[in-house]
Number of protein chains: 2
Amino acid sequence: MGKISGVTWGVATIPPAQRPNLAVSEIVSGSTVAAVFTQNRCPAAPVIVGKKHLALTTPRYLMVNSGNANCATGEHGIQDTIACCTALAQLTDIPAHAVLPLSTGKIGIPLPRTELIAELPVALNNATTNSWDKAAQAIMTTDTHKKIVSMPIQHDDHVLTITGIAKGSGMIRPDMATMLAFIATDAIVPQSLTQSLLQDAVAPSFNAITVDGDTSTNDSCVFIATGQSGIQPPRTIIAEALNQVCNELAQQIMSDGEGITRVITIAVTGGKNHAECRTIAYAVAESPLVKAAFYSTTPEWGRILAAIGKVAPHRFDPTRLQIDIGTTTVFTNGARVDNPVAIESQWAARTPHLHIHLGRGTANATVWGGNLSPEYIRINTQPE
Amino acid sequence: MGKISGVTWGVATIPPAQRPNLAVSEIVSGSTVAAVFTQNRCPAAPVIVGKKHLALTTPRYLMVNSGNANCATGEHGIQDTIACCTALAQLTDIPAHAVLPLSTGKIGIPLPRTELIAELPVALNNATTNSWDKAAQAIMTTDTHKKIVSMPIQHDDHVLTITGIAKGSGMIRPDMATMLAFIATDAIVPQSLTQSLLQDAVAPSFNAITVDGDTSTNDSCVFIATGQSGIQPPRTIIAEALNQVCNELAQQIMSDGEGITRVITIAVTGGKNHAECRTIAYAVAESPLVKAAFYSTTPEWGRILAAIGKVAPHRFDPTRLQIDIGTTTVFTNGARVDNPVAIESQWAARTPHLHIHLGRGTANATVWGGNLSPEYIRINTQPE
């Protein structure tokens, strides 16, 4: 599925794991590549090394391991990552800085460097353009299913392809990128455009979801344009396709969010600026009381009001605030609207939709959150 | 317990409740009174009315109901609160603005005004100076036990008394006060001192705890000095006593926090300023992953690092960061310290202590948080 000419994936299993946890991707020479990384101030070793490599050259290989984040591992962790890049570079006859390293998994455990290096030849040997599925599986950690999307890009008489994979289900409140996502197209996209296209696509997708409000130390998202189709569609067509792929992957991450049984859309409109809308949307999405209320079917919308009030700006006027659950207004003119039956059915929807209108301006922001279930605690109190 | 000359409490039951949910306190004329209220931007009707009353005069009565927050009830809610104040004023022959109204409970339900007014004579009739215990029970909502503390104030040869009660177990991240707390002393405290004494005592106690990060719409804390002892101790002695009472009540609220089985102390030191220390302490205290990890006994301290990194300031240097669990350092010089056995015993302590040293300056902040258990979800997915 999702074959992109010029990108191969191969996988291998670093012991003692029982399933593939190493994925290596070769990117054809001449491709353009962009990446965005976590804004976490304690980034993992591969993020630190990867940013340096990207500044030097366009990557020819991605080297991704799951299960070990190589974070909080100090200078030793940096050296481990560099050693793995160097080993892959020697096997493939490229410079070490043409390898983009990525890790996801447990924090604070030394990377099994020797074991990882030993599996690199295995991954290289089984690399094919048909292995996006296998790669999507190899990068999983607590994910319960792989995240993959592929779609055609129509341009004139040509049909190009864009394919993306992602992983992530906990420690999800990405800031600039999700846990890990890799997206490629066979279109020609000038290097000067790739970074802004990716940033524009990431903002309303990966950067607008929250499972638990925790931003990972390893979040990274990579966009590759191999140009192997020989076709260069206009920017708008690529942007549209990239936005769709990012949105679809973000939604797949949400619906696989740890313990999440329902995904809630929180649309905030009528703000003075985007930042205040986003702050309020996240406060609602991350309120444990709101999240717990959406695990039940009792419409405790008062908790939404409390969450808004907690972060609302100075001189916020609650009498201009309106809260809708689905199509039903529950709060307006400073008071509740009594409509319990209509509320209950909308609250209990599989994908409830909250609309919060601030009555202060014309800015808006939309965020997707999940509910809080006992399953979240079960998952996160067991050894990973 | 905790008798204060000049303060009585009486209680009553507003139907259909089965236990007392109304508490009325008479404060002797000549007392000095201070109060702090929630910073939530969607405050409840009694907070709006109470602030106005306080600006006009020193309260002679507190009128507290539990089970109904009278919040999100609009102009009608304001009128309900005023009507109740007026009814109590007529019964006691004082001006209506000498009544300080307080409510706690469910948001968005009209106050049962007629029923409440009907019970006011009952509460007045059973009012005594010996009823702090009864009042502590009447103000409870999801609390599993009453919160009360009383201690002597020693000054020269005199022994005065300070007594406080509080309620609160969910929607607890007070900002300026906890859900509800009432503290009284028979000492003479000049009115000019009461407000600053109360604010100083609330900052490191009620304003440094978090159950779930949600700030209530109704938080209020009232401090009363009746002066009935005829003794005026120096400011430092009153401050010390008030701090102790606020701290003790805050800890009682934490240990009764919804679903909390362990209370975690998060001490952040070495910051450039108090604000950044507090932000980091709260990010750790409120991280669902950290909270879940403290429900188990597996020392997932990497989650603490991720929470710090999420909110750390620009140019934060993780190599200067040190994280201690109890007396064991787990992270320093940018890398983990391998000491799993010592960590596990300290992580599993009944009251774990985290010390996060930022290595940037001399400021500090301490916050108390709780763990996240399936019980929290159970409590918050049932009709209140």
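Here are three short exercises, with worked solutions, on a predicted model of two chains.

**Exercise 1.** Work out what turn and shift lay chain A on chain B, and what kind of axis relates them.

*Solution.* Start with the superposition: a turn of 180 degrees and a shift of 0.0 Å along the axis put chain A on chain B with an RMSD of 0.0 Å. That's the relation of a two-fold axis. Next, check the surfaces: 100% of the contact residues of chain A recur in chain B, so the same surface serves both copies. Finally, look for the axis itself: P374(A) is the residue of chain A that comes closest to it, with its C-alpha at 2.5 Å.

**Exercise 2.** Describe the side of chain A that touches chain B: which elements supply it, and how do its residues divide?

*Solution.* First get the head count: 51 residues of chain A meet 52 residues of chain B. Then go through the elements of chain A: at least two residues each come from α2 (74-92), α8 (288-293), α9 (302-311), β14 (335-336) and α11 (374-380). Of these, α9(A) gives the largest share, seven residues. Last, sort this side by residue type: 24 are nonpolar, 20 polar and seven charged.

**Exercise 3.** Now stay inside chain A and find out how its two domains meet.

*Solution.* Begin with the bounds: domain 1 covers 7-255 and domain 2 covers 263-380. Their C-alpha centres are 33 Å apart. The contact uses nine residues from domain 1 of chain A and 11 residues from domain 2 of chain A. On the domain 1 side, β9 (209-210) and α6 (235-255) are the elements that give two or more residues. Sorting that side gives four nonpolar, five polar and no charged residues.

Notes: Residues are numbered from 1 along each chain as its sequence is written. Chains are lettered from A and ligands numbered from 1 in the order in which they are written. This is a predicted model: local features need pLDDT of at least 70, side-chain atom pairs count only at pLDDT 80 or more; totals for chains, interfaces and linings use all residues. Copies are superposed by least squares on the C-alpha atoms of residues with pLDDT of at least 70 in both. Two residues are in contact if their C-beta atoms, placed from the backbone, lie within 7 Å. Domain bounds come from an automatic or database domain assignment. Helices (H or I, at least four residues) and strands (E, at least two) are DSSP runs, numbered from the N terminus. Ala, Val, Leu, Ile, Met, Phe, Trp, Tyr, Cys and Pro count as nonpolar, Asp, Glu, Lys and Arg as charged, and the others, Gly among them, as polar.
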